[in-house]
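Subject: Handing over a structure

Dear colleague,

I am passing on the structure below, together with an account of what was found in it. Please have the sequence and the 3D view open as you read.

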Amino acid sequence: MIDALIKRWVNARVRALSAYSVPDATGLIKLDAMENPYGWPAALRAEWLERMRHAQINRYPDPAARQLAEKLRRHLALDANVGLLLGNGSDELIQIIALALRDEGRTLLAPEPTFVMYRLVAEVLGQRFAGVPLKAADFSLDLPAMLAAIRTHSPAVIFLACPNNPTGNLFARHEIEAILKAAPGLVVIDEAYFPFARETWLHDILQHPNLVVLQTLSKMGLAGLRVGVLAGAPAWLDEFNKIRLPYNVNTLSQVSAAFILEHAELLEEQAAQIVRDREELTARLRVLPGLTVWDSRANFVLFRVAHAGAVHESLKQRGVLTKCLDGAHPLLKDCLRVSVGTPDENGAFLGALQATLEGG
Ligand SMILES: *Cc1c(COP(=O)(O)O)cnc(C)c1O
């Protein structure tokens, strides 16, 4: 009965999808999701909890999250003429952008492999998605192929994750410039890994009528709060704001994020530590036999290893959860992605990997 109802009423496109799955990490060293492994000093936690004491959860949140937005503007050193829209994670902002620009027969475009949410959101909305392969050797943009695809598809939206996930590299600025010039529609530069790469297009927004920039508090250490940030011309954001559900950023997240932005130097120190540890992790991976290890500007490292699926499983058996990307895209054959954890966690991962490679 329910089956028949679902078949009749749930959109065929939706029925064909599988839900975004997140593996259970209970008891494992969690290096699969680019989380910051560090907490806050006890005194700071106490101060935060004190602030939370005054949060009025019987009231709806401030729909525009004004206090938090103001702190973010200062934190990001945004030009007064650039607007800001907050989301329940940047995932929500990606969905809002796609909804606002949705129409019959339109195409969303991104180089691939990249963040899977772009394709997922396009598919959910019944939009075509054009993935343009990156160059196999170093995952840099294939600019002629991008420009050709832009001419062919006239995409409503182009997503450029920079640094890119799961490859970790930044795309060349002059190539992004060329894409901005050629794009007939909107270009979203997704800077989820800005805390580690420290390169941004935020200050170029006013020069490009078709540019918006996405950031998030997740990767810098607040993944649990779900706060995403979209910066762009107010005219674009006014349109997106019509689609945003009124109370999308909850009170506890608004209060917590505003609080920690007053102590941003702590998150910045943690990011700097993660960058140093990423370099060490990269170097130590390169010493292992048979691996291809790519340079990363983010808080994770991508590497290729024979029989990646089995290696991933063996790492898990040894207590370390990484992300297996084999099968996600042809260019990711036999690739695993490991988030940078604490030095101890990275050491445990390297030990488990070495034992796996030695068949021990
Ligand atoms: C992790 C990630 C996001 C998602 O961020 P949230 O703000 O946690 O939703 C967006 N873009 C890229 C490229 C990411 O890797």
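Please keep in mind throughout that this is a predicted model. I begin with helix α3, where arginine 53 and glutamate 50 sit three residues apart, which means that about one helical turn separates them. Their side chains meet in a salt bridge, with a nitrogen-to-oxygen distance of 3.0 Å. Arginine 53 counts as exposed, at 63% relative accessibility, whereas glutamate 50 is partly exposed, with a relative accessible area of 38%.

Helix α3 also takes part in a contact of another kind, for the side chain of arginine 51 forms a salt bridge with that of glutamate 262, at 2.9 Å from N to O. This pair links distant parts of the chain, since glutamate 262 lies in the loop between α12 (251–261) and α13 (264–287) while arginine 51 belongs to helix α3, and the two are 211 residues apart. Glutamate 262 is partly exposed at 35% relative accessibility, and arginine 51 is likewise partly exposed, at 30%.

A further salt bridge joins the side chains of arginine 278 and glutamate 279, again with an N to O distance of 2.9 Å. Here arginine 278 is buried, because its relative accessible area of 5% falls under the 20% limit for that class, while glutamate 279, with 42%, is partly exposed. Elsewhere, Lys30, Asp32 and Glu35 are connected to one another in a network of salt bridges. For the structure as a whole, the count comes to 17 salt bridges.

Turning to the open spaces, the largest pocket has a volume of about 1,300 Å³. It is lined by 48 residues, of which Tyr20, Phe115, Val116, Lys323 and Arg337 are the closest to its centre. Where does the largest pocket lie with respect to domain 1 and domain 2? Domain 1 (2–41 + 265–357) and domain 2 (55–262) both give residues to its lining, and therefore the largest pocket lies between them.

Several elements contribute at least two residues each to the lining of the largest pocket, namely α5 (90–100), α6 (117–124), α10 (218–222), α14 (308–317) and β12 (323–324). The greatest contribution comes from α6, which gives five residues. Sorted by class, the lining of the largest pocket is made up of 24 nonpolar, 11 polar and 13 charged residues.

The second largest pocket holds about 300 Å³ of space. Its lining has 19 residues, and those closest to the centre are Ala64, Ala69, Leu84, Leu85 and Leu86. Helix α4 (66–76), strand β2 (83–87) and helix α11 (234–243) each supply at least two of the lining residues of this second largest pocket. By class, its lining divides into 10 nonpolar, four polar and five charged residues.

Besides the pockets there is the matter of enclosed space, and a search of the whole structure finds one cavity of 30 Å³ or more. The largest cavity has a volume of about 40 Å³, and the residues that line it are Leu72, His75, Leu76, Gln215, Thr216, Leu217, Met220 and Val229. The elements that give two or more residues to this lining are α4 and β7 (211–216), with the largest share, three residues, coming from α4. Helix α4 thus has a part in the lining of the second largest pocket as well as in that of the largest cavity. The lining of the largest cavity has five nonpolar and three polar residues, and no charged ones.

Finally, there is an open sheet of four strands to look at, in the order β9-β10-β13-β12, with antiparallel pairing. Its edge strands are β9 (292–293) and β12, each of which pairs on one side only. Strand β9 pairs with strand β10 (residues 300–304) in the antiparallel sense over two bridges. Within this pairing, which residue of β10 is the bridge partner of valine 293? The partner is phenylalanine 303. The edge strand β12 is also among the elements that supply at least two residues to the lining of the largest pocket, which brings the sheet back to the space described above.

With best wishes

Terms used
Residues are numbered from 1 along each chain as its sequence is written. This is a predicted model: local features need pLDDT of at least 70, side-chain atom pairs count only at pLDDT 80 or more; totals for chains, interfaces and linings use all residues. Side-chain values use heavy atoms; hydrogens and water are left out. A salt bridge is a side-chain nitrogen of Lys or Arg within 4 Å of a carboxyl oxygen of Asp or Glu. Buried means under 20% relative accessible area, exposed over 50%, partly exposed in between (1.4 Å probe, protein chains only). On a 1 Å grid over the protein atoms alone, a cavity is a set of points where a 1.4 Å probe fits but cannot get out, and a pocket is an open set with protein on both sides within 12 Å along at least five of seven lines; lining residues have an atom within 4 Å of a point. Grid points are joined across faces, edges and corners, and a volume is the space filled by probe spheres set on the points. Ala, Val, Leu, Ile, Met, Phe, Trp, Tyr, Cys and Pro count as nonpolar, Asp, Glu, Lys and Arg as charged, and the others, Gly among them, as polar. Domain bounds come from an automatic or database domain assignment. Two strands pair if DSSP finds at least two bridges between them.
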